[in-house]
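Work through the exercises below with the sequence and the model open. Each task is followed by a solution in steps.

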Amino acid sequence: MRSKTILINNKNDYIKFLKKINIYKSILYCNTLFVVKNNIHNQMIDYIIDTLNIKNRKKRIEYIYDSSCKIIDDNTKNANICGFKNGKCYVQRNLNNGKCNGCCRKCLYQTNKGCPTKNLSCKLFNCSEVTSRYNTIKYDDLKILKLLSLKNRIIIKSDYFSRREDVLKDLYAYTLTYSTLRILYRLIINYIKLSKNNKKK
């Protein structure tokens with residue numbers, strides 16, 4: 001396997017590096033081990049280089065997914081960004097509408113102790129109340145997502161209320177049509193089950 005060293009000494013080098021990601025992730029570099037000399041101490045660069053050095057498609061997708069979740073979780077560590085008190089977020093307390101669990105109330109997997117799975121789409125969503133109070137990680141901040149295909153970037157923006165395992169299966173699929181059908185099916189099942197649960201209450 002050949003080696004390629006990437007020098008990143010300043011912001012301009014970083015921008016040039018990001019512009020070349022589509023080339024670096026292509027078949028032209030499938031037998032290349034990337035090494036970076038990073039003088040601007042940007043952790044995102046390390047994540048991207050690690051990803052480029054994973055040549056197995058499924059393992060690369062999984063690494064991108066889990067790393068993105070970790071970046072978001074580290075940014076909000078020990079912070080109650082939704083302002084939960086007694087199960088109600090900022091908005092629900094202000095509206096006093098009797099609803100609980102914030103946006104997660106629409107999810108089949110909701111619990112009073114937080115989310116039992118890792119859903120990147122959900123982690124990237126924050127209402128205006130949260131973004132006005134905190135500097136949250138947004139989709140465009142996660143440069144590592146550039147290493148995904150266009151189809152998978154579309155899925156990451158829309159695959160809400162699904163378990164990590166199901167989202168990864170959607171990302172592994174080769175066609176957007178198949179993934180979209182899987183997502184729609186889960187959303188319908190989610191809606192039906194939640195409606196039944198609400199009627200019981």
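Buried means under 20% relative accessible area, exposed means over 50%, and partly exposed covers the values in between. The model is predicted.

**Exercise 1. Classify Asn96 and Asn78 by relative accessibility, and describe their backbone.**

Solution.
Step 1. Asn96 has 66% relative accessibility, so Asn96 counts as exposed.
Step 2. Asn96 is located in the loop between H5 and H6.
Step 3. Its phi is near 50°, which is positive although the residue is other than glycine.
Step 4. Asn78 has 79% relative accessibility and therefore also counts as exposed.
Step 5. The loop that holds Asn78 runs between H4 and H5, and phi of Asn78 is positive, about 65°, in a residue that is not a glycine.

**Exercise 2. State how many helices and strands the protein has, and in what pattern they follow along the sequence.**

Solution.
Step 1. There are 10 helices and 2 strands.
Step 2. Along the sequence the order is β-α-α-β-α-α-α-α-α-α-α-α.
Step 3. For the overall extent, the C-alpha trace spans about 60 × 35 × 20 Å along its principal axes.
Step 4. Of the 201 residues, 36% are buried.
Step 5. Consider contacts between residues at least 6 apart in sequence: 65% of them join residues at least 24 apart.
Step 6. The exposed area is about 12,700 Å², and carbon and sulfur atoms supply 54% of this.

**Exercise 3. Decide whether helix H3 is mostly covered or mostly open, and find what its buried residues pack against.**

Solution.
Step 1. H3 comprises residues 43-52, and 7 of these 10 residues are buried, so by the under 20% cut-off the helix is mostly covered.
Step 2. The buried residues are Met44, Ile45, Tyr47, Ile48, Ile49, Thr51 and Leu52.
Step 3. An α-helix has 3.6 residues a turn, so residues three or four places apart point the same way.
Step 4. The packing partners of the buried H3 residues are strand S1 (2-8), helix H1 (11-19), helix H2 (21-24), S2 and helix H4 (57-75).

**Exercise 4. Which residues make the nonpolar surface patch of about 290 Å², and where does Val35 lie?**

Solution.
Step 1. The patch is made by Met1, Leu33 and Val35.
Step 2. Val35 belongs to strand S2, residues 32-38.
Step 3. Its relative accessibility is 33%, so Val35 counts as partly exposed.

**Exercise 5. Describe the charged side chains, then take the salt bridges of Lys118 and Arg133 in turn.**

Solution.
Step 1. The protein carries 41 positive and 14 negative side chains, and the centres of the two sets are 5 Å apart.
Step 2. Side chains of opposite charge can pair when their charged atoms come close.
Step 3. With a cut-off of 4 Å between side-chain nitrogen and carboxyl oxygen, the count is 11 salt bridges.
Step 4. One of them joins Lys118 to Asp66, with the closest N and O atoms 3.2 Å apart.
Step 5. This pair links distant parts of the chain, 52 residues apart: Lys118 is in the loop between helix H5 (90-95) and helix H6 (120-124), and Asp66 is in helix H4.
Step 6. Lys118 has a relative accessible area of 30% and is therefore partly exposed.
Step 7. A salt bridge also forms between Arg133 and Glu129, at 2.9 Å from N to O.
Step 8. Arg133 is partly exposed because its relative accessible area is 45%, and Glu129 is partly exposed at 22%.

**Exercise 6. Is Asp166 buried or exposed, and which residues does Asp166 touch?**

Solution.
Step 1. Asp166 is in helix H9, residues 164-172.
Step 2. Its relative accessible area is 10%, so Asp166 is buried.
Step 3. Leaving out residues up to four places away in sequence, Asp166 touches Tyr109, Arg182 and Arg186.
Step 4. Asp166 also meets Arg163 in a salt bridge of 3.2 Å, N to O.
Step 5. Salt bridges with shared partners join Asp159, Arg163, Asp166, Asp170, Arg182 and Arg186 into one network.
Step 6. Within this network, Arg163 counts as partly exposed because its relative accessibility is 35%.

Note on methods: Residues numbered from 1 in each chain as written. Predicted model: local features only at pLDDT ≥ 70, side-chain atom pairs only at ≥ 80, totals over all residues. Heavy atoms only, no water. Patch = residues over 30% accessible without salt bridge, like charges linked within 9 Å, V, L, I, M, F, W, Y side chains within 5 Å. Areas by Shrake-Rupley, 256 points an atom, 1.4 Å probe, with all protein chains shown as cover. Helix = DSSP H or I, 4+ residues; strand = E, 2+ residues; numbered from the N terminus. Buried < 20%, exposed > 50% of the residue type's maximum accessible area, 1.4 Å probe, protein only. Contact = heavy atoms within 4.5 Å. Lys, Arg positive; Asp, Glu negative; His and termini not counted. Charge placed at Lys NZ, Arg CZ, Asp CG, Glu CD.
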